[in-house]
2 protein chains.
Amino acid sequence: MPLLVVGTVALDSVETPTAVRENVLGGSAVFFSTAASHFAPVNLVGVVGDDWPAEHTAMLQSRKVNTAGLQTIAGGKTFRWRGKYQPNMNDRDTLEVHLNVLEQFNPVLPEAFKQSHYVFLGNDSPKNQMKVLQQATGRKLVVADTMDLWINIQNDELKALLKQLDGLVLNDSEAKLLTGDENLVSAGRKALNLGPRFVVVKKGEHGAMFFSRDETYVLPAYPTARVIDPTGAGDSFAGGMMGYLAERQAFDPQTLKTALAYGVVTASFTVEDFSLNRLKTITRKEIDERLIEYRKMLSF
Amino acid sequence: MPLLVVGTVALDSVETPTAVRENVLGGSAVFFSTAASHFAPVNLVGVVGDDWPAEHTAMLQSRKVNTAGLQTIAGGKTFRWRGKYQPNMNDRDTLEVHLNVLEQFNPVLPEAFKQSHYVFLGNDSPKNQMKVLQQATGRKLVVADTMDLWINIQNDELKALLKQLDGLVLNDSEAKLLTGDENLVSAGRKALNLGPRFVVVKKGEHGAMFFSRDETYVLPAYPTARVIDPTGAGDSFAGGMMGYLAERQAFDPQTLKTALAYGVVTASFTVEDFSLNRLKTITRKEIDERLIEYRKMLSF
């Protein structure tokens, strides 16, 4: 049973201290889909302009990603983002954002997508996320991402959405902003009170924290000296996590924890090259081997 | 067999967003000793002025800490530090440093201390750390801490010391400064090339990383919502780690990893109250119980 994801599809320009890549494939739904496709087929919903290179759609289709939900707006331009990483390769400045076709995005699920059991609402306005939720009538598990922009400008809509979610995934600064708490552990617990049954706080190079009524835990990032481009790591984490859940068709606590570990490991490949270059060429065997290494790393 | 520690003994003034404590017990050797004393007896070498409250010495002595190496300089004043924590309780500003008797500190090991097998050179000048090393003729394992000041002003002496160490413990920004590498994984590996057989990089709220020729791993911090005062957490980590090694009288890779986990768990108690208030009242049973929780947290 395919996993449903709705999110951004983008052309990214990325500057690091040693290299620049212009207009390469990116976007939350693209990183998510490619990561998840190592575990389960994916139904993708997003929007592009008619400047969108057909080769990117072909790449996704070659990897069990159903692009029937990828709208093309004639005369429109694809969403573009330009960012520059600091020498530590963790802090980054957003240099340019061109929403383009995203401004008109009205997510519509193809009929076949509505029965997806596992649903990921990638970073988009809570209004759009709610529209997707209402169409996904076959949903069994719904997890959403959000960002500081929506916490600030669509707070009421976000709060309404949170009440309908099983899981919320957000990064550390967003968790602090959402809850007004500077301690990540209490911020994570406060986010639970807003509705979701579990909350995952992404900490970039420091891994991820998990919160439910019964559990609090932290998993560190997989240590790598080879950080070429961290763009998409958080979306790859979510893709690995949700992909594993969809593969298992389960989300009990033990499966969720293994899913988080798969998310960490999947994201660790993404950063090893620009764009999707590493993520799309790895094999499931490589992911599994790194998971075994990671499990061993955490055993004492 | 007692563990030897040489380091600072201080009176700290600590400001947090909600409280202030004036002239409370602190210093790297004091946090280290108290943490380590849950595992093994400790031989302490340090210096104070005659303003030093006798009750602090009595507290240490009540916990298997031999204070025969604690010098008192008549007419001198104890080292004082004042710091203020930001609302996130991780970033802090040093408001005042009064070295006082530390400026004259010449570490001298009582005869009985020289045979200590496990030696921790707490944060002090590399010149002084080398003096201790030369007196510790019975040493089997020597681990040192350092800081940005010494990396900057006694770099040659530090490099000479590093060649004589088994282990180096330092924090993330110091590791970057020492090696000129912004990626912590490659910084840790480069630090190995300077001499020590293993390197531990402390990441505060994000845990610690371990590097040897054969291993690289990360252990996250134990998640706690109750952060009252993080002062001394890094020294408590080192104390828990070295205390466990001294208790086991072993430092094979598996024992080292368990020792790091004990360091993480011991430090997680320190932050739960000001000064030594929590660290000195916990029991070994509480530490062991939290270690079991921590191990479970990292299993999937």
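The following paragraphs describe the contact between chains A and B, the salt bridges, one helix and a few individual residues in a predicted model.

We may begin with the place where the chains meet. In this model, 34 residues of chain B are in contact with 34 residues of chain A. The two chains bury about 2700 Å² between them, and 63% of that area lies on carbon and sulfur atoms. On the side of chain B, the residues that lose the most area to chain A are H206(B), V218(B) and F300(B), which together account for 27% of what that side buries. Several elements of chain B each supply at least two residues to the side that touches chain A, namely α7 (184-192), β13 (216-219), α9 (253-270) and α10 (284-297). The largest share, 5 residues, comes from α10(B). By residue type, the side of chain B that touches chain A divides into 17 nonpolar, 9 polar and 8 charged residues.

What, then, are the polar links across this interface? The count of salt bridges between chain B and chain A is 0. Polar contacts, on the other hand, are found for 12 residue pairs across the interface, with both residues at pLDDT 80 or more.

Salt bridges are nonetheless part of the picture elsewhere, and the structure holds 32 of them over all chains. In chain A, R278(A) forms a salt bridge with E272(A), with the closest N and O atoms 2.7 Å apart. Both R278(A) and E272(A) are buried. These two residues also belong to a network of salt bridges that links R226(A), E272(A), R278(A), E286(A) and R290(A).

Another salt bridge in chain A joins K176(A) to E182(A), where the closest N and O atoms are 3.9 Å apart. E182(A) has a relative accessible area of 36% and is therefore partly exposed. In chain B, K176(B) forms a salt bridge with E182(B), and the closest N and O atoms are 3.9 Å apart. Here K176(B) has a relative accessible area of 21%, so this residue is partly exposed. E182(B), at 38% relative accessibility, counts as partly exposed.

Turning to the interior of chain B, helix α5 spans residues 155-162, and L158(B), L161(B) and L162(B) in this helix are buried. These leucines lie on the same side of α5(B) because they cover an arc of only 100 degrees around the axis. What do the buried residues of α5(B) pack against? Their partners in chain B are the strands β8 (118-121), β9 (141-145) and β10 (167-171), together with the helices α3 (126-135), α4 (148-153) and α6 (172-179).

Two further residues of chain B are worth a look. M59(B) is found in helix α2, residues 54-61 of chain B. With a relative accessible area of 14%, M59(B) is buried. Leaving aside residues up to four places away in sequence, M59(B) touches L25(B), T34(B), L276(B) and K280(B). Of these contacts, the one with K280(B) joins residues 221 apart along the chain, and the C-alpha atoms of the pair are separated by 8.7 Å.

A19(B) is found in the loop between β2 (10-15) and β3 (20-26) of chain B. Is this loop residue buried or exposed? A19(B) has a relative accessibility of 19%, and the cut-off for a buried residue is under 20%, so A19(B) counts as buried. Outside its sequence surroundings of up to four places, A19(B) touches V14(B) and F274(B). I282(B) stands 263 residues from A19(B) in sequence, and the C-alpha atoms of these two residues are 22 Å apart in space.

The last residue considered here is Q135(A), which is placed in helix α3, residues 126-135 of chain A. At 19% relative accessibility, Q135(A) counts as buried. Which backbone atoms does the side chain of Q135(A) reach? One is the backbone oxygen of P107(A), at 2.9 Å. Another is the backbone nitrogen of L109(A), at 2.8 Å. The residues touched by Q135(A), not counting those up to four places away in sequence, are P107(A), V108(A), L109(A) and K114(A).

Definitions and conventions:
Residues numbered from 1 in each chain as written. Chains lettered and ligands numbered in written order. Predicted model: local features only at pLDDT ≥ 70, side-chain atom pairs only at ≥ 80, totals over all residues. Heavy atoms only, no water. Buried < 20%, exposed > 50% of the residue type's maximum accessible area, 1.4 Å probe, protein only. Helix = DSSP H or I, 4+ residues; strand = E, 2+ residues; numbered from the N terminus. Arc of directions from axis to C-beta. Contact = heavy atoms within 4.5 Å. Buried area = accessible area lost by both parts, 1.4 Å probe. Salt bridge = Lys/Arg side-chain N within 4 Å of Asp/Glu carboxyl O. Polar contact = N/O pair within 3.5 Å; in protein donor to acceptor, adjacent residues only side chain to side chain. Nonpolar A, V, L, I, M, F, W, Y, C, P; charged D, E, K, R; others polar.
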